[in-house]
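Please find below some notes on the model, set out as numbered points. They begin with a local feature and then move to the wider picture.

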Amino acid sequence: APMKYPTEEEWRCRKCGTLLGIHRGESVHVKHKRAQLVVRGHVMAVCPRCAELNETDTTPPPDDARPAA
């Protein structure tokens with residue numbers, strides 16, 4: 001059975017909605033053809049469908065973090 005993570009969230013293209021990867025815990029899992037990448041930190045990906053540049057960060061803010069004023 002595949003490992004379960006406490007948080008699992010889809011990362012989709014902000015322009016066309018194509019699935020780019022899955023946030024799992026503190027990493028992003030990205031599949032492209034036969035490659036499977038597990039990345040951490042600041043991640044940038046070009047959408048394979050519409051070529052939009054997407055960015056995400058793998059470290060979620062702590063639960064008690066407040067947005068900057």
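1. The hairpin of β5 and β6 has six residues between its strands, and Ala51 there takes a positive phi near 70°. Strands here are DSSP runs of E with at least two residues, and helices are runs of H or I with at least four, both numbered from the N terminus. Ala51 lies in the loop between β5 and β6. With 55% relative accessibility, Ala51 counts as exposed, because the class begins over 50%; buried means under 20%, and partly exposed is in between (1.4 Å probe, protein chains only).

2. The model is predicted: local features need pLDDT of at least 70 and side-chain atom pairs pLDDT 80 or more, while totals for chains, interfaces and linings use all residues. Residues are numbered from 1 along each chain as its sequence is written, and side-chain values use heavy atoms, leaving out hydrogens and water.

3. A second positive phi deserves a check. Lys33, a residue other than glycine, has phi near 50°. Lys33 sits in the loop between β3 and β4 and is exposed at 78% relative accessibility. For background, most residues other than glycine have a negative phi.

4. The strands of the hairpin, β5 (residues 42–46) and β6, pair in the antiparallel sense over five bridges; pairing requires that DSSP finds at least two bridges between two strands. Val43 has Thr56 in β6 as its bridge partner.

5. Which side chains of β6 are buried? Along β6 (residues 53–57), Asn54 and Thr56 point to one face and are buried, whereas Leu53, Glu55 and Asp57 point to the other and are not. Such alternation between the two faces of the sheet is what a regular strand shows.

6. As a whole, the protein has zero helices and six strands, in the order β-β-β-β-β-β from the N terminus on.

7. Four strands form an open sheet in the order β1-β2-β3-β4, with antiparallel pairing. Its edge strands, each pairing on one side only, are β1 (8–12) and β4 (35–39). Neighbouring strands of the sheet are turned by 25° against each other on average, direction ignored; the axes are lines fitted to C-alpha atoms, and angles run from 0 to 180 degrees between N-to-C directions. Between β1 and β2 (residues 19–24), which run antiparallel, there are five bridges, and Arg12 stands opposite Leu19 in β2.

8. Val38 belongs to strand β4 and is exposed, with a relative accessible area of 55%. Not counting residues up to four places away in sequence, Val38 touches Ser27, Val28 and His29, where contact means heavy atoms within 4.5 Å. Val38 and His23 are 15 residues apart along the chain, and their C-alpha atoms are separated by 9.6 Å.

9. The largest nonpolar core has eight residues: Trp11, Cys13, Leu20, Val28, Val30, Val43, Ala45 and Cys47. Such a core is a set of buried Ala, Val, Leu, Ile, Met, Phe, Trp, Tyr and Cys residues joined through side-chain atoms within 4.5 Å. The elements giving two or more residues to this core are β3 (27–32) and β5. Ala45 contacts Trp11, Glu52, Leu53 and Asn54, leaving aside neighbours within four places in sequence.

10. On totals, buried residues make up 26% of the 69 residues. The protein exposes about 5,700 Å², of which carbon and sulfur atoms supply 52%; areas come from the Shrake-Rupley method with a 1.4 Å probe. Of the contacts between residues at least 6 apart in sequence, 35% join residues at least 24 apart.
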